[in-house]
Amino acid sequence: MRLGSRGVGLAMTGIGLAILPLLLPNAFWYDLATRAAINAVVVIGLNLLIGYAGQISLGHAGFVGIGAYASAVLTSRLGWPPIAAMAAGALATAFLALLVARPILRLRGHALAMATLGLGIILSMIFTNESQWTGGPDGIVVRPFSLLGLAIAGERQWYWLCAALLLVTLWAAGNLVDSPFGRAMRALHTAEPAAKAVGVDPAAVKASIFVLSAVGASLMGSLTAHYVGFVTPQVASFLTSVELLTMVVVGGMASLAGSVVGAAVLTVLPQLLTRFEGAETAAFGLVLVATMIAMPRGLVPTLRERLGR
Amino acid sequence: MLAEFLQFLFSGLTVGATYALAALGFTIVYNASNVINFAQGEFLMLGGMLAVFLLEIGLPSWVALPAAILLVAAIGVAVERLAIRPARDAEVVTLVIITLGVSLVLRGAIQMWRGTATHALPPFSGDTPIMVAGAALAPQSLWVIGVAAAAVALLWWFFERTRWGKAMVATASNRLAARLVGVRIEVVLMLSFALSAALGALGGIIVAPITLTSFDVGIMLGLKGFVAAVLGGLGSGVGAVAGGLLLGVLEAMAAGYVSSSYKDAVPFVVILLLFMFLPRGMFGAHAPERV
């Protein structure tokens, strides 16, 4: 039943992503859809950590930043091929995440929020300050992406690449959640001592999922750097971390569909709010507060319940 | 040598006193409601910005500054009533998002109203530095440290000696038991937001002549206040003050002796190191966890 409903969801998302281009009127909307897809992949990883494993992170943009800057610096300054730079960023992220995972994940609740927030802020300060490498606050130009000599260019190609990645991520995340590892992860969220009693190693499970979601963020950071062609410290800022967290919670914790919806809604919303010139920030905040009060569990779980599914 | 050290120490204690007030704000709200109010930093920003505005329209400072504090306290109450209370039963992460949303609303509103310019508040009593053992001490630093110390003393008196203060302490230690002996939790919650907003505004006002103020100063001030509160073992008032002062001094020393470009990273490095070696904070109680 569960697998069945996942299969249906996956197929529906696939069809949706395939017909979406027919509805996209111009390059601007292609761009938004691509960004939403990239965000969705990061948010799915973050949701595995937050929604399923019950560990909060307020510093995930830091990992996005490592990927983005690894790609930017290694390809533009040292002439590495994009895929190698991307892999190097992912490796560095995995190493750092593993290094901090154990001490940080031993903490709970607000302490964990504090520690991940601190890590993210330190990373973003490094990106801002080490300007001989990163270009500092002015940013750095990134070479276009190419894979095996094939360059990815134009909004259409980028859309299809990111849509395909999103679909693969959804499929993989669904399988992960339903696997024995996924059950151990969810058990930690609901009842850690009980999970321990049946032989789940909390530290190992939490560390694995933390590293996995960090590496996912790093890979998408690399891709974003090539896609946009430019990286600034903004990509790793606290506000970006908050944005990612917001996508998880607004979409719905422990809901893969929710992650996609959350990423899409919160990528498009600021664009719609630009018509309230100067009031975007306040308007975004208002929408956020109102949504969370009306639907504390997030859009997808709440709507699903109301529609009786 | 000594003069240099004293100089860094003074400036550290000055910012540290501001962090301490912000940290107390976090602590009070956390104790009353278990909510980490990420909008706390915006209360500091609001205090500074409203004080600047009230002085601009010609109010004397003995009216403008207290009025700014009262206004921010009222905003604090409104935040609790409109945003926190309706979501009282939500999960912690949801509440975190709500307070982050509130901070966006407050920051965005001030940005709309006052723009992105930096504003200065005049020092309370001139800017002729006082020389102490070769170090120049700005009179405003004395104001910051003095006012913060007075606020802490007043707060201590409130929690130890008054009926409402005791009700808040009781709620923090056991909400159900407090309710059973007749404490009205709703009032305690409202009071805690009013108090932490007022403390934040006070901190924002006294430091504004030194660090200047603009619509976005609340982000860093708030985060550092949060670090200070956690450093002191979240929930402890003494810890919050000590944490704030310690952070301020460490930051000033690092900026003076090591590198000023990483000054803002110091609190976060400190807290990460602390977590690795002292996971319960400097003053945190070693409470067993309930299963």
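In this predicted model, chain A and chain B touch through 35 residues of chain A and 36 residues of chain B. Look at the side of chain A that touches chain B: the elements giving two or more residues to it are α4 (82-105), α5 (109-129), α11 and α13 (280-294) of chain A. Of these, α5(A) gives the most, with eleven residues. Sorted by class, this side of chain A has 26 nonpolar, eight polar and one charged residues.

## The two chains

Here are the chains next to each other.

| Chain | Helices and strands | Span of the C-alpha trace | Buried residues |
|---|---|---|---|
| A | 14 helices, four strands | about 50 × 45 × 40 Å | 51% of 309 residues |
| B | eleven helices, two strands | about 60 × 50 × 35 Å | 50% of 291 residues |

Let us take chain A, with its 14 helices and four strands. Its radius of gyration is 19 Å, close to the 19 Å that the globule rule gives for 309 residues, so chain A is as compact as a globular protein of that length. Among the contacts in chain A with a separation of 6 or more, 77% are between residues 24 or more positions apart.

Now for chain B. Following the sequence, you will meet its elements in the pattern α-α-α-α-β-β-α-α-α-α-α-α-α. The radius of gyration of chain B is 19 Å, close to the 19 Å from the globule rule for 291 residues, so chain B is as compact as a globular protein of that length. For contacts in chain B with a separation of 6 or more, residues 24 or more positions apart account for 76%.

## Helices α2 and α11 of chain A

It is worth finding helix α2 (residues 27-52) of chain A, which packs against helix α11 (residues 238-251) of chain A at an angle of about 70°, with the axes 9 Å apart. That angle makes α2(A) roughly perpendicular to α11(A). On the α2(A) side you will find A:Asn39, A:Val42, A:Val43, A:Leu46, A:Asn47, A:Ile50 and A:Gly51, and these meet A:Leu244, A:Met247 and A:Val248 in α11(A). By class, the contact of α2(A) with α11(A) has seven nonpolar, three polar and no charged residues.

Just along the chain comes A:Met253, in the loop between α11 and α12 (256-273) of chain A. A residue is buried if 20 or more other C-beta atoms lie within 10 Å of its own, and A:Met253 has 23 such neighbours, so A:Met253 counts as buried. Leaving aside residues up to four places away in sequence, A:Met253 touches A:Asn47, A:Ile50, A:Gly51, A:Val248, A:Gly298 and B:Val93. That list includes A:Asn47, A:Ile50 and A:Gly51, which α2(A) also brings to its contact with α11(A). Between A:Met253 and A:Val265, twelve residues apart along the chain, the C-alpha atoms are separated by 15 Å.

## Helix α8 of chain A

Helix α8 (residues 180-190) of chain A has A:Ala184, A:Met185 and A:Leu188 buried. Seen down the axis of α8(A), the buried residues fall within an arc of 100°, so they line one face of the helix. An α-helix has 3.6 residues a turn, so residues three or four places apart point the same way. Among the elements covering the buried residues of α8(A) are α2, α9 (192-197) and α10 (202-228) of chain A. On the other side of α8(A), A:Pro180 and A:Thr190 are exposed.

Another residue to visit is A:Leu165, in helix α7 (residues 154-178) of chain A. A:Leu165 has 17 C-beta neighbours inside 10 Å, so A:Leu165 counts as partly exposed. The C-alpha atoms of A:Leu165 and A:Gly14 are separated by 11 Å, although the two are 151 residues apart along the chain.

## Two loop residues in chain B

Most residues other than glycine have a negative phi. Chain B offers a residue with a positive value in B:Ala133, whose phi is near 50°. B:Ala133 sits in the loop between β1 (130-132) and β2 (135-137) of chain B. With 10 C-beta neighbours inside 10 Å, B:Ala133 counts as exposed.

B:Leu212 also has a positive phi, about 65°, although it is not a glycine. Look for B:Leu212 in the loop between α8 (185-211) and α9 (217-231) of chain B. Is B:Leu212 buried or partly exposed? With 14 C-beta neighbours inside 10 Å, B:Leu212 counts as partly exposed.

Terms used:
Residues are numbered from 1 along each chain as its sequence is written. Chains are lettered from A and ligands numbered from 1 in the order in which they are written. This is a predicted model: local features need pLDDT of at least 70, side-chain atom pairs count only at pLDDT 80 or more; totals for chains, interfaces and linings use all residues. A residue is buried if 20 or more other C-beta atoms lie within 10 Å of its own, exposed if 12 or fewer, and partly exposed in between; C-beta atoms are placed from the backbone. Axes are lines fitted to C-alpha atoms, for helices over the stretch in contact, and angles run from 0 to 180 degrees between N-to-C directions. Angles under 35 degrees count as roughly parallel, over 145 as roughly antiparallel, 65 to 115 as roughly perpendicular and the rest as oblique. Two residues are in contact if their C-beta atoms, placed from the backbone, lie within 7 Å. Ala, Val, Leu, Ile, Met, Phe, Trp, Tyr, Cys and Pro count as nonpolar, Asp, Glu, Lys and Arg as charged, and the others, Gly among them, as polar. The radius of gyration is taken over C-alpha atoms; the globule rule is 2.2 Å times the number of residues to the power 0.38. The arc is that of the directions from the helix axis to the C-beta atoms.
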